[in-house]
There are 2 protein chains.
Amino acid sequence: MTDRRSQIVDAAAHLISHQGYASTSVEDVIRESRLSGKSHFYHYFKSKEELGYAVLNRQFERFAERGLAILREPMIDPLERLVLFIDTLVALQVARGCTGGSFFGTLAAELADAHEGFRKRIEVVFARWSAQLQSLLWEARPQLHDEVDTGRLARFVIATLEGAMLVARVDRDADALRAIAYDLKRFVAMHVREPAVVLGAGAGGGVGAASVIPAPPAAPPAAPRDASPDLAVMSARG
Amino acid sequence: MTDRRSQIVDAAAHLISHQGYASTSVEDVIRESRLSGKSHFYHYFKSKEELGYAVLNRQFERFAERGLAILREPMIDPLERLVLFIDTLVALQVARGCTGGSFFGTLAAELADAHEGFRKRIEVVFARWSAQLQSLLWEARPQLHDEVDTGRLARFVIATLEGAMLVARVDRDADALRAIAYDLKRFVAMHVREPAVVLGAGAGGGVGAASVIPAPPAAPPAAPRDASPDLAVMSARG
DNA sequence: TGACGTTAGGACCGATCGGTCCTAATATTG
DNA sequence: CAATATTAGGACCGATCGGTCCTAACGTCA
């Protein structure tokens with residue numbers, strides 16, 4: 001039934017997350033999802049754009065079911081759920097070798113300025129995500145300091161997670177992703193009356209956080225004094 | 001001389017930052033930079049890829065001269081320089097109507113997985129940026145708590161700024177960008193012995209930060225209890 | 001004067017793009 | 001059985017892609 005259609009959507013999602021929307025051709029999708037030809041594809045989608053929307057819908061569906069659902073778990077303390085959510089995102093990213101990044105972030109970077117239809121849909125994604133975080137923080141309000149702006153904190157969490165996935169993707173560095181995620185928890189803990197709920201029993205909200213991620217022995221930075229405003233001396237084939 | 005060449009590079013930078021690399025054709029660049037034809041373009045660049053590298057080099061050059069230079073200003077307190085750097089980035093982004101985002105982040109999202117040459121170059125960009133931040137934090141060490149891992153803090157700042165520009169671009173929301181930037185300063189202030197150096201005289205490192213960005217009156221979140229795992233009911237033309 | 005780098009403009013190439021159309025075999029379900 | 005949806009496979013379309021080639025008019029400086 002819709003089996004074939006969702007198979008196409010999944011194949012397209014995989015291709016788009018690595019190549020981008022524009023650089024993923026309909027023929028790529030046909031090949032990846034083992035369709036017989038173009039007419040086979042256009043039997044399920046009337047255009048590439050419709051496929052793109054379907055992929056975006058499906059990816060948000062998965063994210064809502066497997067990601068945002070964690071934020072709603074009724075039996076776990078809200079702040080613990082937030083920590084679990086962050087750790088789950090990180091684990092997923094690491095399992096992918098830090099490639100792919102956030103599907104929404106990747107698509108947003110490519111299409112936010114050029115394609116209003118996609119931009120608005122991704123805006124909804126972030127809004128739903130933000131609302132879910134905000135709901136959790138509202139639930140955790142008794143544990144939070146009084147002045148905490150839950151909406152703002154929610155958006156900060158999203159921005160940092162998106163940025164973390166982006167830079168970890170460029171550096172292919174799982175440790176960098178983990179470090180940023182842990183620092184993000186420290187930022188959240190800053191708003192909590194009892195930071196140990198977020199950070200674990202180890203460090204009581206201190207600044208160092210050496211208890212979890214070992215810091216390299218302090219050494220002076222590698223001298224970017226001259227600033228070297230030039231990228232290259234890369235022989236054109238890095 | 002090289003006047004024409006850099007004119008081409010600037011035009012291409014503008015197009016790429018809004019349309020992406022793949023969706024920016026050589027003919028687009030020719031039109032935008034008012035060249036007479038293809039041969040005119042290929043007189044300056046041997047391929048589109050070479051143009052892409054030139055654009056990336058040029059953009060980093062600008063970023064180093066106008067952005068990273070702030071981090072090196074010798075007459076200003078290092079932490080004040082960091083605040084100034086963040087504010088400058090935000091102001092630039094707001095001036096662009098929150099479009100374009102970070103050129104490096106945009107290009108990274110599109111090409112990090114698919115084009116190793118670009119990925120490595122962007123990796124260098126982030127490394128230089130990180131090194132410059134780390135150098136500043138090292139200089140500010142007397143004002144920092146003892147356990148601060150300057151390298152990790154530097155990468156966190158970059159990730160959050162990149163993520164902030166991304167989500168602000170999707171939402172076209174300058175206030176969201178400003179709010180995240182301010183929260184980022186609060187995170188940095190968390191590592192400083194005297195937070196007022198970073199946050200200004202108003203709030204002494206408190207959690208609320210209501211002194212600068214007014215929080216909306218506390219209201220229960222707009223009920224994402226059902227989670228609605230569906231994006232759509234957008235009529236395909238949002 | 002001549003040489004040379006730049007500007008100008010167009011024809012052209014093979015490849016790929018998104019998309020249409022057509023025929024026919026194969027399942028599925030009433 | 002028949003009706004219908006799915007699978008299969010290919011020809012084909014106009015448009016655009018990155019890139020090459022060619023000719024000719026320029027400006028500048030030796």
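This note comments on helix 1 and A:Ser33 of chain A and on the protein surfaces around DNA strands C and D in a predicted model.

1. Basis. In this predicted model, local features need pLDDT of at least 70 and side-chain atom pairs count only at pLDDT 80 or more, while totals for chains, interfaces and linings use all residues. Residues are numbered from 1 along each chain as its sequence is written, chains are lettered from A and ligands numbered from 1 in the order in which they are written, and side-chain values use heavy atoms, with hydrogens and water left out.

2. Helix 1 of chain A. This helix (a DSSP run of H or I, at least four residues, numbered from the N terminus) covers residues 2–19. Its 18 residues reach 25 Å from first to last C-alpha, close to the 26 Å expected at 1.5 Å a residue (1.5 Å times one less than the number of residues). A:Gly20, with a positive phi near 90°, follows the helix.

3. Burial of helix 1. Among its buried residues (under 20% relative accessible area, 1.4 Å probe, protein chains only) are A:Ile8, A:Ala11, A:Leu15 and A:Ile16. The cover over the buried residues includes helix 2 (26–32), helix 4 (48–72) and helix 8 (150–171) of chain A.

4. A:Ser33. This residue lies in the loop between helix 2 and helix 3 of chain A and is buried, with a relative accessible area of 1%. Leaving aside residues up to four places away in sequence, A:Ser33 touches A:Arg4, A:Gln7, A:Ile8 and A:Ala11 (heavy atoms within 4.5 Å).

5. DNA strand D. Of the 15 residues around this strand (a heavy atom within 4 Å), A:Ser39, A:Tyr44, B:Val26, B:Lys38 and B:Lys48 come nearest. Polar side-chain atoms of A:His40 and A:His43 lie 3.0 Å and 3.1 Å, respectively, from a phosphate oxygen of strand D. Helix 3 of chain A supplies the largest share of the surface near strand D, four residues.

6. DNA strand C. The nearest of the 15 residues around strand C are A:Lys38, A:Lys48, B:Ser39, B:His40 and B:Tyr44. A polar backbone atom of A:Val26 is 3.0 Å from a phosphate oxygen of this strand, whereas a side-chain N or O atom of B:Ser39 is 2.3 Å from a base oxygen. Helix 3 of chain A gives the most to the surface near strand C, with three residues.

7. Sugar, phosphate and bases. Among atoms within 4 Å of the protein, sugar or phosphate accounts for 53% in strand D and 54% in strand C; the rest belong to bases.

Methods: Helices (H or I, at least four residues) and strands (E, at least two) are DSSP runs, numbered from the N terminus. Buried means under 20% relative accessible area, exposed over 50%, partly exposed in between (1.4 Å probe, protein chains only). A polar contact is a pair of N or O atoms within 3.5 Å; within protein, one must be able to donate a hydrogen and the other to accept it, and residues adjacent in sequence count only if both atoms are side-chain atoms.
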